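Trainee: Could we go through this model together? I'd like to see how each label gets earned.

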Amino acid sequence: MVRGGRGAAHGVDHEFLCAEYGLLVSDTFTGSGYCFVDPSGSPVLLAATSRKIAQRLLWAALAVSPEGADVHVDYLTADQEWAVDVALAAGLSLRTEGYLCLRHMRPPAPYLPSGAFL
């Protein structure tokens, strides 16, 4: 799934991510995906086979956030409009901060990258 959207699999990254973060998984007839979530409910890494599955996973991540948590969705590009729609509907604010560099690579979608595991 990630290999198709990102061009490479995360492989051994999953072992670390599973030890450090919560994991949400969606596996349906229409597609599949996963999302690692930090204790605040912020997605750390999200990959899916379709935007619809990615939106469901992002909503699920936001749903597990504790009341009053500082939730954020990082490293969005124009190809992640589906994530912007969810974030705005959830009442999160948008701001420009930092950037995502992709050399010789299209922004992977539907995918939310991790700064540490891009």
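**Labels and their cut-offs**

Mentor: Start with leucine 58: beyond its neighbours within four places in sequence, its contacts are Pro43, Leu46, Val73, Trp82, Ala83, Val86 and Leu112. Contact here means heavy atoms within 4.5 Å. Keep in mind that this is a predicted model, where local features need pLDDT of at least 70, side-chain atom pairs count only at pLDDT 80 or more, and totals for chains, interfaces and linings use all residues. Residues are numbered from 1 along each chain as its sequence is written, and side-chain values use heavy atoms, with hydrogens and water left out.

Trainee: Why does tyrosine 34 count as buried?

Mentor: Buried means under 20% relative accessible area (exposed is over 50%, partly exposed in between; 1.4 Å probe, protein chains only). Tyrosine 34 has 11% relative accessibility, so buried it is. Phenylalanine 36, at 1%, counts as buried too.

Trainee: How many aromatic pairs does the structure hold?

Mentor: Just one.

Trainee: And why is the pair of tyrosine 34 and phenylalanine 36 called edge-to-face?

Mentor: Rings of Phe, Tyr and Trp (its six-membered ring) pair if their centres lie within 6.5 Å; planes under 30 degrees apart are stacked, over 60 edge-to-face, the rest tilted. Here the centres are 5.8 Å apart and the planes at 70 degrees, so the pair is edge-to-face.

Trainee: What makes strand 1 and strand 2 a pair?

Mentor: Two strands pair if DSSP finds at least two bridges between them. Strand 1 (residues 22–28) and strand 2 have seven, in the antiparallel sense. Leucine 24, for instance, has cysteine 35 in strand 2 as its bridge partner.

Terms used: Helices (H or I, at least four residues) and strands (E, at least two) are DSSP runs, numbered from the N terminus.
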